[in-house]
Amino acid sequence: MFTLAEVASLSDIQPTYRILKPWWDVFMDYLAVVMLMVAIFAGTMQLTKDQVVCLPVLQSTVNSKMQPDTSGQAEFTTVETTTGQEEASMRTVSFGSAPTVTPDILLNRATSSQYQPTESGQELKKEQKDSSGRKTNLDFQQYVFINQMCYHLALPWYSKYFPYLVLIHTIILIVSSNFWFKYPKTCSKIEHFVSILGKCFESPWTTKALSETACEDSEENKQRLTGAQSLPKYVSTSSDEGSPSASTPMITKSGFKFSADKPMIEIPSVTILDKKDGEQAKALFEKVRKFRAHVEDSDLIYKLYVGQTVIKTVKFIFILCYTANFVNTISFEHICNPKVEHLIGYTQFECTHNMAYMLKKLLISYISLICVYGFICLYTLFWLFRIPLKEYSFEKVREESSFSDIPDVKNDFAFLLHMVDQYDQLYSKRFGVFLSEVSENKLRGISLNHEWTYEKLRQHVSRNAQDKQELHLFMLSGVPDAVFDLTDLDVLKLELIPEAKITAKISQMTNLQELHLYHCPAKVEQTAFSFLRDHLRCLHVKFTDVAEIPAWVYLLKTLRELYLIGNLNSENNKMIGLESLRELRHLKILHVKSNLTKIPPNITDVAPHLTKLVIHNDGTKLVVLNSLKKMTNVAELELQNCELERIPHAIFSLSNLQELDLKSNSIRTIEEIISFQHLKRLTCLKLWHNKIVSIPSSITHIKNLESLYLSNNKLETLPAAVFSLQKLRCLDVSYNSIAVIPVEIGLLQNLQHFHITGNKVDILPKQLFKCVKLRTLSLGQNCITSIPDKVSQLLQLTYLELKGNCLDRLPATLGQCQLLRKGGLIVEDHLFDTLPSEVKEVLNQDTSIPFANGI
């Protein structure tokens with residue numbers, strides 16, 4: 001036999017799992033315990049008191065008083081027997097036709113024999129009075145033998161094994177009720193879920209978030225009642241011009257909405273969330289996210305629970321069916337024919353089962369418990385299939401709180417939440433806080449503001465090349481509130497901040513004119529947008545997909561410079577992000593770094609007022625350039641890394657063009673350069689990093705050219721036509737294959753910067769030193785063997801590069817170059833040591849006059 005402690009261990013579920021046990025599971029557990037007690041009680045009684053007592057039936061008495069009834073009805077007779085010195089009288093039941101006796105008749109007879117005094121009872125008293133009984137020839141050992149024989153032969157099997165059957169059935173029901181807590185593939189998920197749920201319920205962040213929601217609701221109700229007669233000072237009251245409207249194309253397509261038109265309400269902090277609690281809450285958000293991804297992909301827990309419920313229901317039906325058939329077999333009186341007449345002398349015995357009455361009562365109780373258990377199983381199945389338990393909606397939580405983004409869940413995650421709701425719906429409500437991105441962002445904001453204080457941000461402020469105060473924030477969870485207290489900031493860079501939000505406090509940053517958003521789809525409030533629209537002059541946006549560009553960017557009507565870096569040539573976006581550039585009425589500079597195959601027609605929307613256009617491709621060939629003709633006011637044009645093979649003809653229509661940069665293309669010939677004579681304002685031509693072999697003589701027609709960059713090409717000679725450009729001030733032919741510097745270079749009297757580094761020059765013509773306005777002279781990495789003394793004529797020289805040549809010494813006349821200093825002299829150290837000491841002293845003198853390299 002099992003002890004009670006051993007059997008109870010089967011239902012020993014951790015106390016924390018109680019939240020996953022609805023009322024019917026709890027009730028069925030208690031019913032199982034009661035059934036277990038019935039089994040143990042019946043088994044104990046059977047082991048200690050179960051026995052039968054048998055007496056022989058005298059043949060003479062039976063033959064004289066028992067007449068078989070043709071209808072199969074039993075007759076009651078009285079037989080008197082005497083054993084030894086004791087006299088005993090008993091009432092027996094003999095059956096005229098045993099096979100036709102029904103259980104109902106047996107039950108009625110047993111009942112009548114126990115409770116109803118009949119005429120046979122009166123006859124028994126009369127016979128006892130008249131006679132002292134009949135003697136038998138059986139001794140005590142023979143009675144013991146017969147009792148044991150008849151216990152196994154006459155007693156029905158159900159009377160003997162009833163307690164064990166009840167015990168086995170109960171154990172099966174207990175196991176079926178708790179199997180989903182023990183099965184390996186569900187146990188880990190359930191344990192993890194219960195652990196996370198308990199932490200979410202007890203987390204201080206849950207209380208804080210729900211409390212702040214209550215405060216927000218109360219504040220909104222208050223504002224609704226009072227009518228919100230006065231707005232804060234920073235709320236924009238400007239006209240509708242420049243403000244977002246539903247008619248704006250980009251707004252309609254992107255679904256962008258401002259959270260404005262409501263006054264900003266400062267919500268008081270209900271509870272203080274320290275750093276440790278904040279870190280624990282952030283860890284919980286991550287755990288919930290991973291658990292959801294792990295559990296939502298299957299419905300094993302749901303199927304297992306349904307399966308064990310079906311098993312319990314089938315078990316209930318099975319127990320009820322076979323128990324009802326055997327309930328009447330438990331009887332007090334039994335007829336036994338042991339077939340041991342050669343040992344005893346009697347063929348038939350009448351036996352009594354002393355446990356029959358108790359077992360029958362226990363069986364009736366057991367059937368009652370099983371019926372209740374079965375009805376609960378049926379209700380459970382009804383609940384399981386009445387609603388889709390593999391879907392769970394947080395609609396009520398979304399309505400009651402400010403976390404309107406709590407997502408609905410499915411599969412096992414949904415089923416576990418449905419089970420928790422049967423215990424207490426408050427668990428799911430508090431758990432939903434950790435499914436909300438809004439809640440997570442609020443938590444991040446609190447932690448972020450704790451970490452990034454005003455003092456810490458001030459330490460990260462630096463000055464850039466334009467001598468402007470700049471702050472660069474990288475990979476933060478949001479924008480700290482203290483940023484908006486840096487009122488003297490000029491440039492703000494936000495990089496890889498997915499939840500960046502620009503609040504109305506940005507209106508304090510009156511010096512802010514430049515904003516960088518690198519992979520940072522920032523959201524702005526209405527008041528913040530009004531401020532940016534009126535003050536922002538330069539905006540840099542770096543993105544992976546055009547959808548990441550904030551919609552409000554296209555509404556900054558006072559924007560002067562826009563830099564877009566990212567993929568604009570995707571088939572999915574079809575460059576829809578640039579459709580609203582027409583709204584940028586004051587845009588002057590547009591910089592696009594992407595992979596375009598043609599200049600988007602949308603760019604031509606801003607063409608009339610665009611003065612500078614920069615297109616940096618990633619090597620994708622730019623084919624269609626006809627739209628360039630519309631940009632009549634463009635003064636600077638850069639088409640870099642666009643795989644151009646010739647100079648686009650559309651460029652020759654840009655009458656106001658002053659600077660053209662075709663860097664890093666595949667241009668081999670520039671015969672079209674003659675058409676540049678129509679561009680009267682062209683002063684700077686950059687054809688560097690191409691494959692140009694020669695310079696046509698027609699270049700002489702570009703008379704206003706002041707800067708010519710031809711470095712990193714395949715030039716071998718410099719034609720005399722180049723030196724006819726009298727206004728030329730900068731000539732860069734570095735990294736070619738030029739062997740000779742033509743003597744005509746002396747004609748360039750306005751030349752200030754000459755770069756011929758990385759060529760094959762071995763001799764410097766004397767005419768070079770007639771260019772007395774030279775300030776920068778780069779002669780490095782050539783084959784020059786000597787520097788003429790006439791270098792002293794270059795009185796304005798501030799930068800001289802000679803490193804990488806075949807020089808033995810430096811001319812002493814370098815000391816006469818009054819503006820040249822050691823920092824501007826790029827030579828090997830041993831060459832510098834060959835100079836006279838007085839020259840080195842002159843070169844080592846400090847000067848406040850800056851030098852420039854001209855590039």
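**Strands, helix crossings and loops in a predicted model**

In strand S10, Val491, Lys493 and Glu495 point one way while Leu492 and Leu494 point the other, and all of them are buried. That is the pattern to expect, because side chains in a regular strand alternate between the two faces of the sheet. The model discussed here is a predicted one. S10 spans residues 491-495 and is mostly covered, with five of its five residues buried. Lys493 and Glu495 are thus on the buried list along with Val491, Leu492 and Leu494.

The partners of S10 come next. Strand S9, residues 469-474, pairs with S10 in the parallel sense, and five bridges hold the pairing. Here histidine 472 sits opposite lysine 493 of S10. Strand S12, residues 514-518, is also joined to S10 by five bridges, and these two strands run parallel. In that pairing valine 491 stands opposite glutamate 514 of S12. Val491 and Lys493 point one way from S10, and each has a bridge partner to look up: glutamate 514 in S12 for valine 491, and histidine 472 for lysine 493.

Zooming out, the protein chain has 855 residues, and buried ones make up 49% of them. The secondary structure comes to 22 helices and 26 strands. Of the contacts between residues at least 6 apart in sequence, 58% join residues at least 24 apart. The chain exposes about 41800 Å², with carbon and sulfur atoms supplying 54% of that area.

The UniProt record, an unreviewed entry, places the feature "transmembrane region" at residues 27-47, 161-181 and 363-385. In the model, residues 27-47 are 100% helix and 0% strand, and the C-alpha atoms at the ends lie 30 Å apart. Residues 161-181 likewise come out as 100% helix and 0% strand, with 31 Å between the end C-alpha atoms.

Another sheet is an open one, built from three strands in the order S1-S5-S4 with antiparallel pairing. Strands S1 (52-56) and S4 (333-336) stand at its edges with a single partner strand each, so one side of each has no neighbour in the sheet. On average, neighbouring strands of this sheet are turned by 25 degrees against each other, direction ignored. S4 and S5 (residues 349-353) run antiparallel and are joined by four bridges. One residue pair to pick out is isoleucine 335, whose bridge partner in S5 is glutamate 350.

Now for the helices. Two packed helices are described by the angle between their axes and the distance between the axes. For helix H8 (residues 184-202) and helix H17 (residues 425-432), the axes come within 9 Å and cross at roughly 80 degrees. H8 and H17 are therefore roughly perpendicular to each other. From H8, the contact involves Phe193, Ile196, Leu197, Cys200 and Phe201, which meet Leu426, Tyr427, Arg430 and Phe431 of H17.

A second pair is helix H12 (residues 300-326) with helix H16 (residues 411-423), which pack at an angle of about 55 degrees with their axes 7 Å apart. That angle makes H12 and H16 oblique to each other. On the H12 side the contact is made by Leu300, Ile301, Tyr302 and Tyr305, and on the H16 side by Asp412, Phe415, Leu416 and Met419.

Leucine 443 belongs to helix H18, residues 437-451. Is leucine 443 buried or exposed? Its relative accessible area is 0%, so leucine 443 is buried. Phenylalanine 285 is 158 residues away from leucine 443 along the chain, yet the C-alpha atoms of the two are separated by 9.8 Å.

Two loop residues round things off. Serine 664 has phi near 55 degrees, a positive value in a residue other than glycine. Serine 664 lies in the loop between strand S19 (659-661) and strand S20 (684-686). With a relative accessible area of 26%, serine 664 is partly exposed. Asparagine 712 also has a positive phi, about 55 degrees, although it is not a glycine. Its place is in the loop between strand S21 (707-709) and strand S22 (730-732). The relative accessible area of asparagine 712 is 29%, so this residue is partly exposed.

Technical notes: Residues are numbered from 1 along each chain as its sequence is written. This is a predicted model: local features need pLDDT of at least 70, side-chain atom pairs count only at pLDDT 80 or more; totals for chains, interfaces and linings use all residues. Side-chain values use heavy atoms; hydrogens and water are left out. UniProt positions are given in the numbering used here, feature names are shortened, and annotations may be inferred rather than shown by experiment. Buried means under 20% relative accessible area, exposed over 50%, partly exposed in between (1.4 Å probe, protein chains only). Contact means heavy atoms within 4.5 Å. Accessible areas come from the Shrake-Rupley method with a 1.4 Å probe; for residues, only the protein chains shown count as cover. Two strands pair if DSSP finds at least two bridges between them. Axes are lines fitted to C-alpha atoms, for helices over the stretch in contact, and angles run from 0 to 180 degrees between N-to-C directions. Angles under 35 degrees count as roughly parallel, over 145 as roughly antiparallel, 65 to 115 as roughly perpendicular and the rest as oblique.
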